[in-house]
Every structure is written in C-alpha cells, then in structure tokens.
Amino acid sequence: MVSYDIPVIAGDGIGPEVIREGKKVLDAVSEAMGFELNWIDMPYGADHYLATGELLSEDSLRALSAYRAIYMGAVGDPRCPPGLLERGILLAIRFYFDEYINLRPVKLYEGVPTPLKDKGPKDVNFEVVRENTEDAYVGLGARVPRGRSRIEHELRRELYKVKFGLDIDSDHDEIAYQLMVISRAGAERVIRYAFERCKRLGRSKVTSVDKANVLTEAYGLWRDAFERVRADYPDIEAEYAYVDAITMWFVKNPEWFQVVVAPNMFGDIITDLGAMIQGGLGVAAGANINPSGTSMFEPIHGSAPKYKGLGRANPIATILAGGMMLEFLGEARAAEAVEEAVRAVLKEGRVRTPDLGGSSSTSQVGDAIASKAKEVAASL
Ligand code: NAD
Ligand code: IPM
Ligand code: MN
C-alpha cells in the first residue's frame with residue numbers, strides 16, 4: 001500500500017482541535033481510497049517552548065526536510081511575546097524550506113453566508129498567490145535607541161535634520177527601521193507560478209498587487225518582474241491593482257478576479273479580507289509550497305486563543321488545507337473527495353460551527369465531513 005509519512009505540528013490555541021478533525025477526515029479518505037497516512041506528531045508550540053526553550057531548532061528543521069509535506073494547525077500564545085512563536089516556528093518553516101508560494105484560494109461555497117450584498121459562489125471564486133519569503137518579512141531591521149554610539153547618534157541627528165527638519169535631541173530620540181526586500185529572481189518565480197496556475201485552472205487573467213506608486217524601489221522591481229514574466233503568456237490577460245484599491249474591489253467586484261499575485265505583506269493582508277468574503281477565517285485554507293521541496297499546509301487563521309478548548313472553532317479551513325496537501329502529494333482523487341465532502345456538508349447546512357451561524361461543535365463538523373468523504377470516495 002502507498003504510504004505517506006506526514007509530520008504534524010498542531011501548535012497552540014485552537015490548533016490541536018482543528019488538526020484533530022483534519023486528520024480524521026484525511027484518514028477516512030485515505031482508508032476508502034487505499035493509501036495510508038502515517039502521522040508523526042511534533043510537539044512544537046508554546047508548551048514545548050516554555051518547557052524546553054526550543055522553538056524549532058536547526059536540527060529539528062533538518063529532520064523535517066526528510067518529508068514532502070507538513071500539516072500544521074497554528075501557533076501563537078498569550079504567554080509568549082508577540083511574534084516569538086510565529087517567527088520561530090511558522091516563518092522558520094516557510095523560510096528554511098524556501099516555500100516561496102503561499103497559495104490561498106478564496107472560494108465561497110454554496111450555503112455559506114458572505115457579508116457581501118448580492119454576491120454568491122459564482123462571484124467569489126479566485127486564488128491568491130502570495131510571495132512567501134521576501135518583502136518586509138526578511139527580518140532586516142533594527143530599533144536604535146538614542147546614543148548607542150556617538151557616531152551613530154550624530155548620523156541619525158543629521159538624517160532627521162535633513163529629512164524632517166527635526167532635532168532628535170529634543171524628543172525624537174529613538175528610531176526603528178524595517179527593510180522590504182524584493183529580488184528579481186524571487187519575484188519572477190512566484191509570478192511565473194501564478195501564470196502557470198492560471199493556465200492549469202483554465203482561467204484567463206492574472207492581477208498583480210503592489211504599491212509601486214509610493215514604494216517605487218521595491219515594488220518597482222516587482223512590476224518589472226511581472227512585465228518580464230507576462231510576456232511569456234500572451235494568452236493570459238495581465239493587469240495591475242494597487243493594494244489599497246484591491247481591498248475595495250474585493251468587496252465591490254470580487255467576480256473580476258481569477259488569480260491574484262501579491263508580494264508577501266500585501267498578500268497577508270488581502271487574504272484575511274479574502275477569507276471574510278468567503279465566509280470567514282474558519283473556512284480559508286492555504287498551502288506553503290516549494291514545488292521541489294518540503295511544503296506545509298495550514299489554515300490561514302491563527303491560534304484564536306479566546307476559543308481554545310471550547311470546541312467551537314471551525315475545522316473546515318484545516319480540512320481544506322489537508323485536501324490541498326493530498327493534491328500536492330499526488331492523490332488528486334482523494335483531494336477531490338475532501339473538497340466535495342466539505343462542499344456537501346456546507347450546502348446541507350445542518351452541521352456547522354457558530355462562526356457560520358450553527359451550533360455544532362468542532363468535532364461534530366469533523367465527523368460529518370469524514371463520513372461524507374467516505375461516501376464520496378467510494379463513488380469516485
Ligand atoms: P486569529 O486568526 O487567530 O483569530 C482572529 C479571529 O478569527 C478569532 O478571534 C476568531 O473570532 C476568528 N477565527 C479564527 N479562526 C477561526 C476558526 N477556525 N473558527 C472560528 N473562528 C475563527 O488571529 P489573531 O487573533 O490575530 O491571532 C491569534 C494568534 O495567532 C496570534 O498569536 C497570531 O500571531 C497567531 N497567528 C498564527 C498564524 C499561524 O500560525 N499560521 C496565523 C495568524 C495568526
Ligand atoms: C499568516 C499569518 C502569519 C503571516 C504570521 C502569524 C507570521 O498572519 O499566515 O497569514 O504574517 O504570514
Ligand atoms: Mn495573516
């Protein structure tokens with residue numbers, strides 16, 4: 001029997017609850033379809049960090065590189081400083097494995113309420129391809145307190161005088177900066193993926209998101225890369241949208257979009273908005289892909305600490321991410337069964353968590369989708 005070894009990082013908050021349901025559904029499908037999933041539970045997250053001091057060591061990362069796919073819940077815990085677990089675990093995985101594609105479908109399933117007036121499933125159906133390794137996420141920056149050295153202080157004082165006419169000796173005595181870095185190769189590879197994805201989906205337009213009207217250096221290069229790549233796809237329409245404007249269009253005319261490609265930070269922001277128009281963070285899935293390396297599959301939401309342990313988190317985003325993982329592993333029919341089961345349960349509308357207006361628990365939703373998935377798998 002074909003068997004896949006899959007490390008699982010359930011993480012913090014609602015992570016373990018939604019991952020449990022994800023595994024349940026994937027187990028049901030794999031059993032019905034005659035392959036095996038061998039889950040390898042990994043402890044990383046707040047508890048592990050607080051007990052051992054390890055976030056995710058170089059050795060642990062190296063060990064993970066033996067696998068093609070990682071299944072992840074979410075990290076983030078109020079007992080730890082903001083960003084510590086997120087950078088040390090989630091971003092560590094994205095960067096270490098060079099998962100340069102963050103694929104985030106924005107798809108409104110039938111029966112799911114959207115806050116958009118007069119819009120339905122045929123209007124909200126596109127994919128965001130988020131660059132996943134560069135931009136403001138490179139972690140190059142510093143906070144420079146006043147007077148770390150005399151020369152530095154003088155330089156800063158000069159800079160502030162010239163740029164802002166301010167004397168930082170008075171009250172502007174601390175600065176912080178954070179660099180955005182775009183590389184041509186980094187931009188081109190993810191933009192190329194977006195065009196290839198568009199072709200594969202049988203669709204006809206790619207929209208590039210930037211802020212090249214203000215951040216002319218970084219996003220100017222992003223635009224150049226887009227121009228270069230689009231020339232290789234004469235049959236696909238290519239357009240630009242500024243990031244501020246696209247948030248407006250997502251709400252007003254989501255039906256315009258097919259494949260949207262965005263630099264890392266804008267991709268992060270617009271996909272939470274994308275999640276809302278498809279029914280909320282509880283249903284929005286994502287795949288962090290390195291086509292020839294280790295990839296990672298997760299809901300796009302976080303650990304939602306306020307719901308921890310209450311059994312009211314929606315597991316559907318995590319289940320759909322699991323479907324994307326099966327697709328990546330080459331189990332296309334199984335992936336289809338997962339999506340079909342989700343679609344059917346959402347359409348029936350009987351079993352759903354409170355975020356979708358229901359009163360079912362996390363595990364009841366998992367049970368319903370798992371049993372539907374078995375049925376679907378048997379019929380494929
Ligand atoms: P969040 O996504 O965890 O939650 C925001 C809100 O969305 C929740 O309060 C809840 O109302 C709703 N929500 C999210 N997931 C839901 C689900 N499955 N079912 C029902 N409702 C759901 O964002 P946040 O509150 O800004 O962040 C909490 C922590 O998670 C922070 O530490 C943050 O850094 C971290 N985070 C982690 C990831 C990740 O691991 N991939 C992603 C985003 C945020
Ligand atoms: C996401 C999250 C992460 C991001 C954080 C938790 C580092 O918001 O996956 O969208 O900014 O990429
Ligand atoms: Mn985000």
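Which residue forms a salt bridge with Arg200? To find the partner in this predicted model, select Arg200 together with Glu327, whose closest N and O atoms are 3.3 Å apart. The pair links distant parts of the chain, with Arg200 in helix H6 and Glu327 in helix H10, 127 residues apart. Colouring by accessibility would show Arg200 as exposed at 62%, while Glu327 is partly exposed at 41%.

Keep Glu327 selected and add Leu103, Glu127, Arg197 and Met324, because these are the residues closest to the centre of the largest pocket, among the 35 that line the pocket. The volume of this pocket is about 880 Å³, and its lining comprises 20 nonpolar, 4 polar and 11 charged residues. Helix H11 (332–348) gives the most to that lining, with 7 residues.

Return to helix H6 and select Arg192 with Asp232, whose side chains meet in a salt bridge at 3.0 Å, N to O. Since Asp232 sits in the loop between helix H7 (216–230) and strand S9 (237–242), the pair ties together parts that are 40 residues apart in sequence.

Next, select Lys372 and Glu375, a salt bridge with its closest N and O atoms 3.9 Å apart; both residues lie in helix H12, about one turn of the helix from each other. Here Lys372 counts as buried at 16% relative accessibility, whereas Glu375 is exposed at 51%.

Finish with Leu140, Tyr177, Leu179 and Val181, which make a nonpolar surface patch of about 330 Å². Leu179 belongs to the loop between strand S7 and helix H6, and counts as partly exposed at 41% relative accessibility.

Methods:
Residues numbered from 1 in each chain as written. Chains lettered and ligands numbered in written order. Predicted model: local features only at pLDDT ≥ 70, side-chain atom pairs only at ≥ 80, totals over all residues. Heavy atoms only, no water. Patch = residues over 30% accessible without salt bridge, like charges linked within 9 Å, V, L, I, M, F, W, Y side chains within 5 Å. Areas by Shrake-Rupley, 256 points an atom, 1.4 Å probe, with all protein chains shown as cover. Salt bridge = Lys/Arg side-chain N within 4 Å of Asp/Glu carboxyl O. Helix = DSSP H or I, 4+ residues; strand = E, 2+ residues; numbered from the N terminus. Buried < 20%, exposed > 50% of the residue type's maximum accessible area, 1.4 Å probe, protein only. 1 Å grid on protein atoms, 1.4 Å probe; cavity = no way out; pocket = protein on both sides within 12 Å on 5 of 7 lines; lining within 4 Å. Points joined across faces, edges and corners; volume = space filled by probe spheres on them. Nonpolar A, V, L, I, M, F, W, Y, C, P; charged D, E, K, R; others polar.
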